[in-house]
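Here are a few exercises to work through with the model open beside you. Try each task before you read its solution.

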Amino acid sequence: MSSALLQLTALMTMTIDHIGYRLFPGTELLRMIGRLSFPLFVFMLTEGFVYTGSQKNYLKRLALFALLSEVPYKLFTSGPYWREALARNSVSNVFYELILIFTALWGIKLAKDKHWLYSAITVLSVVLSWAAGTMYGAYGVLMGICFYIFREKRWAGALCLCLLTAWYCWERGSVFQIYAMLAAAPMLLYNGRRGRRLPRYFSYIFYPAHLLLIYGIYCLI
């Protein structure tokens with residue numbers, strides 16, 4: 001599978017998940033399919049971190065769309081009570097999780113290239129993900145770290161995905177996230193090729209746009 005196909009798979013499974021959450025809450029199959037999306041986004045982020053020409057610009061894009069997506073995410077999840085939800089937690093959309101994954105990877109790279117003390121950035125990213133209450137907390141950041149460290153041994157990254165997901169389910173007292181393990185299959189099928197990818201900013205814009213669209217449909221039916 002090319003990165004273009006992985007990107008499309010992640011976007012499709014995320015959309016299916018969100019349609020199930022808001023429009024068909026009783027259809028568990030849609031939510032099960034949606035569990036694949038987050039690990040795939042994390043996997044692509046690690047690849048993007050490796051290949052980007054500018055980590056600073058990449059991080060700026062993530063930060064910009066984190067800010068732009070929070071109100072759409074709160075509308076999608078909380079409806080008319082979005083203001084109260086925003087007051088309780090203003091860093092809950094997935095971009096904030098991706099930011100901390102990105103900074104964790106940057107800490108690893110800086111520690112390797114410059115000085116080991118930069119590893120503190122990685123540790124801080126993990127702690128912040130837990131303390132700030134981001135979407136997946138330390139589970140997501142540790143996942144990104146594993147994908148990055150075992151980038152040349154993808155089977156080990158897939159194993160880490162399964163182990164971290166098992167831990168997350170145990171810690172939450174729910175097996176709902178267990179289907180995320182299925183994302184190991186497309187990860188292992190990744191061939192390292194770019195493929196014919198969507199426009200550069202499509203996936204960034206798609207996230208808040210599809211949340212607003214689904215919520216708009218929900219309000220009409």
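**Exercise 1: A residue inside a helix**

Ala66 is buried, its relative accessible area being 0%. This is a predicted model, and the mean pLDDT of the chain is 95, with 100% of its residues at 70 or more.

Task: find where Ala66 lies and list its contacts beyond four places in sequence.

Solution.
1. Start with the element: Ala66 lies in helix H4.
2. Next, set aside the neighbours within four places in sequence; Ala66 is then in contact with Asn93, Phe95, Tyr96 and Ile99.
3. For a sense of distance, compare with Ser2, which is 64 residues away along the chain: the C-alpha atoms of Ala66 and Ser2 are separated by 26 Å.

**Exercise 2: Two helices side by side**

Task: work out how the axes of helix H4 (residues 55-78) and helix H11 (residues 202-220) are arranged, and what kinds of residues make the contact.

Solution.
1. Take the axes: those of H4 and H11 come within 9 Å and cross at roughly 5°.
2. Classify the angle: angles under 35 degrees count as roughly parallel, so H4 is roughly parallel to H11.
3. Look at the residues in contact: H4 contributes, among them, Tyr58, Arg61, Phe65 and Ser69, while H11 contributes residues including Tyr204, Pro208, Leu211 and Tyr215.
4. Sort the residues of this contact of H4 with H11: 16 are nonpolar, one is polar and one is charged.

**Exercise 3: Cysteines without a bond**

Task: explain why Cys160 forms no disulfide with Cys146, then check Cys169.

Solution.
1. Begin with the total: the structure holds zero disulfides.
2. Apply the cut-off: a disulfide needs cysteine sulfur atoms within 2.5 Å. The closest cysteine sulfur to that of Cys160 is in Cys146, at 3.6 Å, which is too far for a bond.
3. Turn to Cys169: this residue is in no disulfide either, and the nearest cysteine sulfur, that of Cys162, is 11 Å away.
4. Add the surroundings: Cys160 is buried at a relative accessible area of 15%, and Cys169 is buried at 5%.

**Exercise 4: A glutamine in the first helix entry**

Task: decide whether Gln7 is buried or exposed, and say which residues Gln7 touches.

Solution.
1. Place the residue: Gln7 is in helix H1 (residues 3-22).
2. Use the cut-off: buried means under 20% relative accessible area. Gln7 has 4% relative accessibility, so Gln7 counts as buried.
3. Leave out residues up to four places away in sequence: Gln7 then touches Met44, Arg197, Leu198 and Ser203.

Definitions and conventions. Residues are numbered from 1 along each chain as its sequence is written. This is a predicted model: local features need pLDDT of at least 70, side-chain atom pairs count only at pLDDT 80 or more; totals for chains, interfaces and linings use all residues. Side-chain values use heavy atoms; hydrogens and water are left out. pLDDT is the predictor's confidence in each residue, from 0 to 100. Axes are lines fitted to C-alpha atoms, for helices over the stretch in contact, and angles run from 0 to 180 degrees between N-to-C directions. Angles under 35 degrees count as roughly parallel, over 145 as roughly antiparallel, 65 to 115 as roughly perpendicular and the rest as oblique. Contact means heavy atoms within 4.5 Å. Ala, Val, Leu, Ile, Met, Phe, Trp, Tyr, Cys and Pro count as nonpolar, Asp, Glu, Lys and Arg as charged, and the others, Gly among them, as polar. Buried means under 20% relative accessible area, exposed over 50%, partly exposed in between (1.4 Å probe, protein chains only).
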